[in-house]
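Me: I am new to this one and would like to know what stands behind each label. Please show it first, and I will ask as we go.

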Amino acid sequence: MVNLFATEIYRYLQDSILEKNKQFQKGEIETLKFPDGEVYHRIVKPETVRNQPAVLISGTINDAAIMETYNLACELVSEQCSSLHLVIPYFGYSTMERATKSGEVVPAKNIARMLSTIPLSAQGNFIYLIDLHSLGVQYYFEGSVHTIHLTSEPIMKEIISGFGEDIILASTDMGRAKWIEKMSQRLNLESAYLMKERVSGSQTRVIALSANVKGRNVAIYDDMIRSGSSIINAAKAYKEAGADKIYVLTTHGVFVPGALDKMKDCGLIERIYCTNTHPNTIQLKDDFVAVKDISSIIMDGLLVI
């Protein structure tokens, strides 16, 4: 039997997997917060962990989540799980994967180094990452840790199939063009990307478009959406180029406050589709956004079942 644990913010994924797959046993974690801000964690029934694989769904969406992930993972190994499988649906700080100025901290690398120091279980430690913003992050992990990069492409393919045959998969800018091109080839779709130039400190303009989108439907994909500004700018450019309906797809719907309203009010986007890798998505109550469950991707990717 595989023990499936989750931090509090990812209990919804734990519940989804338990409902779909009876090979998992629910692992319980007791969490308390003291008046001084310190946090107490305890693995309930630790004897059930011994000599069994342990899966922990957790995250790095903020500093507290990083420490919670590290502490719980260390304890599961201390309780002698046979193998540790750490699932990180959304890798926070992923846009800070390299320094651009002297003296800048690179949190993505430091988080990877930290998680690499989790004591090794008898059969090894495995870390599962989903649609990383920068693929190089998986190589920041050190030692004997095994990293597995999962993709939401099966879900995206299913969504896109509902848009009709004449659909173009598009990127928000040149920075994601290569990624979109490869993804479109795997999904047997035509791709498009924009080339921009900066006019001023706050303005850019489109100077090239790689495909003819006139009269065609466009699905803009980005791995994550935070403020939505890049999506809106891309939607404007494709619309000005003659695109018919514009849909938006993303794996990680971070959606900072005001982001969804801004994208909805721009009047350019038919609908946004995302997965539930980020806890912010489970509170959404707007038909403008369709949230797809990522649990099937996690289950299919785990090396423990």
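Me: What phi does Q80 take, just after α2?

Reply: This is a predicted model. In it, Q80 follows just after α2 and has a positive phi of about 70°.

Me: How do you know that the length of helix α2 agrees with its number of residues?

Reply: Helix α2 covers residues 63-78, which is 16 residues. At 1.5 Å a residue the expected span is 22 Å, and the C-alpha atoms at the ends are 23 Å apart, so the two agree.

Me: What makes N62 a cap of α2, and at which end?

Reply: N62 caps the N-terminal end. A side-chain oxygen of N62 lies 3.3 Å from the backbone nitrogen of A64, and a polar contact needs such a pair within 3.5 Å, so the pair qualifies.

Me: Which residues of α2 are buried?

Reply: Among them are A65, I66, E68, T69, L72 and A73. C74, L76 and V77 are buried too.

Me: Why is C74 called buried?

Reply: The relative accessible area of C74 is 15%. Buried means under 20%, so C74 falls in that class.

Me: How many disulfides does the structure hold?

Reply: The structure holds zero disulfides. For C74, the nearest cysteine sulfur is that of C81, 11 Å away. A disulfide needs two cysteine sulfur atoms within 2.5 Å, so C74 is in none. C266 is in no disulfide either: the nearest cysteine sulfur, that of C274, is 16 Å away.

Me: What makes C266 partly exposed?

Reply: C266 has 24% relative accessibility. Partly exposed lies between the 20% and 50% cut-offs, so the label fits C266.

Me: Where is I111, and why is I111 called buried?

Reply: I111 is in helix α3, residues 107-116. The relative accessible area of I111 is 6%, and the cut-off for buried is under 20%, so I111 is buried.

Me: Which residues is I111 in contact with, leaving aside its neighbours within four places in sequence?

Reply: They are T60, I66, F91, G92 and Y93. One of them, T60, is 51 residues from I111 in sequence, while their C-alpha atoms are 8.1 Å apart in space. Another, I66, is one of the buried residues of α2.

Me: How many cavities of 30 Å³ or more does a search of the whole structure find?

Reply: The search finds one. The largest cavity holds about 40 Å³ of space. Its lining includes Y90, F91, S94, I130, D131 and L132, and also H133, D223, M224 and H252. F91 is thus both a lining residue and a contact of I111.

Definitions and conventions: Residues numbered from 1 in each chain as written. Predicted model: local features only at pLDDT ≥ 70, side-chain atom pairs only at ≥ 80, totals over all residues. Heavy atoms only, no water. Buried < 20%, exposed > 50% of the residue type's maximum accessible area, 1.4 Å probe, protein only. Helix = DSSP H or I, 4+ residues; strand = E, 2+ residues; numbered from the N terminus. Expected span 1.5 Å × (residues − 1). Polar contact = N/O pair within 3.5 Å; in protein donor to acceptor, adjacent residues only side chain to side chain. Contact = heavy atoms within 4.5 Å. 1 Å grid on protein atoms, 1.4 Å probe; cavity = no way out; pocket = protein on both sides within 12 Å on 5 of 7 lines; lining within 4 Å. Points joined across faces, edges and corners; volume = space filled by probe spheres on them.
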